[in-house]
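Open the model in your viewer and keep the sequence panel beside it. The stops below can be selected one after another.

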Amino acid sequence: MPRARLRSWCRAHAAGAALVALLCVGSVAGSEADAADCLQPLLERLGWQIDVAAIDAPRVHGGPVCERADLRQAQAAGDLRVELPRAWAADQRQRFLQTLVDDPATVCAYAFVLGEATRRAATQLQDNPGYRFSALQLGWIGFGVGGSRAQGWEGFRSLGRGYQPAGSNSAALQAFYDGRVRSECGVGRQVAQLATQRELYGDAAFDTAFTPGELSIGTFLTLHDTDSILLGHHAGEFLADGKAVRTAQRGRQAFMGAPGFIEHVFDRVYLDDINNQAENFVIVDVSAAAVDALRSHGGFAYYDRINHRIWELASRMPGPGLRRFERLLAERDPELRAALPADQQPLLAELDRLLDDPFYREFVIYVHPRGIRPVGYYIARLLDRNPRTPFAFELGLHNLHTTLYRRWIDTQLRQCAAATIYSQTEQR
């Protein structure tokens, strides 16, 4: 199609369909320039301060962005600054700015946005009293008497082991925000991960950026046979850092939104409560002190040993009560603590000392259905639920800083370029 005719076609159809505008982005003369012109505003939105100066080569100071509490602190510390040669032509500038997309400082700046999206998603999920966990339910995921279709999902595996959105993606996720749904914590983790993407994109972009199959939920084994963006065919490049050694080295923001689990160490025969054999989570917040503790001790493996010591001490403190250790160690119930026999008081003091480590107090996770709490709470709770085994921490495979990061970047650029073309066609 001749360019003039193509431009006329795009002008005629762009107002009626956003998808048409996106298709036109790569086709209309000048659209590549439009997309390139969108890169600098996106980098600036992420926090980069881009200036020009009378210099021969670019000067870049990304800084330890992942160590900062937020973007304001990073910029106040002088992070995310770049100076470009004033004599550079536009194409030279654009080629260089493209390299900043993969700069670790940019990925960490994106982690600020990702962390905020994770906290919004986790808060919405924990605040829905209709989203529950029940050992007795019809199928792996239960959508209630109206069935999955009524809440925006359709099944593709029997016994509730696999679902994907039946209509809009955002409406399907909304069912977990305010509908009546039941699932175990593994699905809860998947939903929190997908809800984070919804919060990151906004509903309109979330509905068009992902196919239904990419948002599949169900058993973890089911996801591997789907187009799931979490664990399936479209997940792309994973980060495997089970004991969080590399993630701790990068800094606190590198943990934002990452999935993981707290799993029993001893064999299943030592489990008393099979429904609490693990706690699947997404990471919501990590303090500077918590990541410093993790880094200095070499990751989760050290705390697995501390968990074992906590379990040994608790095993020497028999007593009645379904939530005894939760009340003693997480809630620190003064009456219950005062009532402990004298021979258990030194054990309690040692448990307090171990759990006062910043990692246990300030490494904050979301677990369905218990909500947003520090990991120390979950270790105390598991002493009640499964007292015959210690537990260990593990980060799950994730693609937050690889595939999902690039998809978000590409979506932002396409949206900007489409808006630019639409504006230009309107002016003509």
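The tour goes from model confidence to a sheet, an enclosed helix, a nonpolar core and several salt bridges.

**Confidence**

Colour the chain by pLDDT first. This is a predicted model, and the mean pLDDT of the protein chain is 91, with 89% of residues at 70 or more. Now select residues 1-31, where the pLDDT is below 50. Beyond near neighbours in sequence, this stretch has 33 contacts in the model.

**A three-stranded sheet**

Select residues 49-53 (β1) and 59-61 (β2), then add residues 81-85 (β3). Together these form an open sheet of 3 strands in the order β1-β3-β2, and the pairing is mixed. Which strands stand at the edges? They are β1 and β2; each has a single partner strand, so one side of each lacks a neighbour in the sheet. From one strand to the next the twist averages 20 degrees.

Stay with the β1 and β3 pair. These strands run parallel and are joined by 5 bridges. Show the side chains of D51 and E83: D51 stands opposite E83, which belongs to β3. Next add residues 90-100, helix α6, which packs on the sheet and touches β1, β2 and β3. The direction of α6 makes about 160 degrees with that of β3.

**An enclosed helix**

Move to helix α9, residues 169-178. Is this helix largely enclosed or largely open? Of its 10 residues, 7 are buried, so the rest of the structure largely encloses α9. To see the buried ones, select N169, S170, A172, L173, A175, F176 and Y177.

**The largest nonpolar core**

The largest nonpolar core has 114 residues. Select F255, I283, Y360 and F363, the members that touch the most others in this core. Helix α7, residues 104-126, gives the most to the core, with 11 residues.

Centre the view on F255. Leaving aside residues up to four places away in sequence, F255 touches A244, T247, A248, I283, V286, V291, L294, F363 and L395. I283 and F363 therefore appear both among those contacts and among the members that touch the most others.

**Salt bridges**

The structure holds 24 salt bridges. Side chains of opposite charge can pair when their charged atoms come close.

Start with R198 and D203, whose closest N and O atoms are 2.7 Å apart. R198 is buried at 8% relative accessibility, whereas D203 is partly exposed at 35%.

Next select R388 and D272, which form a salt bridge of 3.1 Å, N to O. This pair links distant parts of the chain, 116 residues apart. R388 lies in the loop between α20 (375-385) and β14 (391-395), and D272 in the loop between β10 (259-264) and β11 (278-286). R388 is partly exposed, with a relative accessible area of 37%, and D272 is partly exposed too, at 44%.

Then select E279 and R381, whose side chains meet at 2.8 Å, N to O, in another salt bridge. E279 is in strand β11 and R381 in helix α20, so this pair also links distant parts of the chain, 102 residues apart. Are E279 and R381 buried or exposed? Both residues are buried.

For the last stop, select R332, R337, D352 and D356. Salt bridges that share partners join these four residues into one network.

Note on methods. Residues are numbered from 1 along each chain as its sequence is written. This is a predicted model: local features need pLDDT of at least 70, side-chain atom pairs count only at pLDDT 80 or more; totals for chains, interfaces and linings use all residues. Side-chain values use heavy atoms; hydrogens and water are left out. Two strands pair if DSSP finds at least two bridges between them. Helices (H or I, at least four residues) and strands (E, at least two) are DSSP runs, numbered from the N terminus. Axes are lines fitted to C-alpha atoms, for helices over the stretch in contact, and angles run from 0 to 180 degrees between N-to-C directions. Contact means heavy atoms within 4.5 Å. Buried means under 20% relative accessible area, exposed over 50%, partly exposed in between (1.4 Å probe, protein chains only). A nonpolar core is a set of buried Ala, Val, Leu, Ile, Met, Phe, Trp, Tyr and Cys residues joined through side-chain atoms within 4.5 Å. pLDDT is the predictor's confidence in each residue, from 0 to 100.
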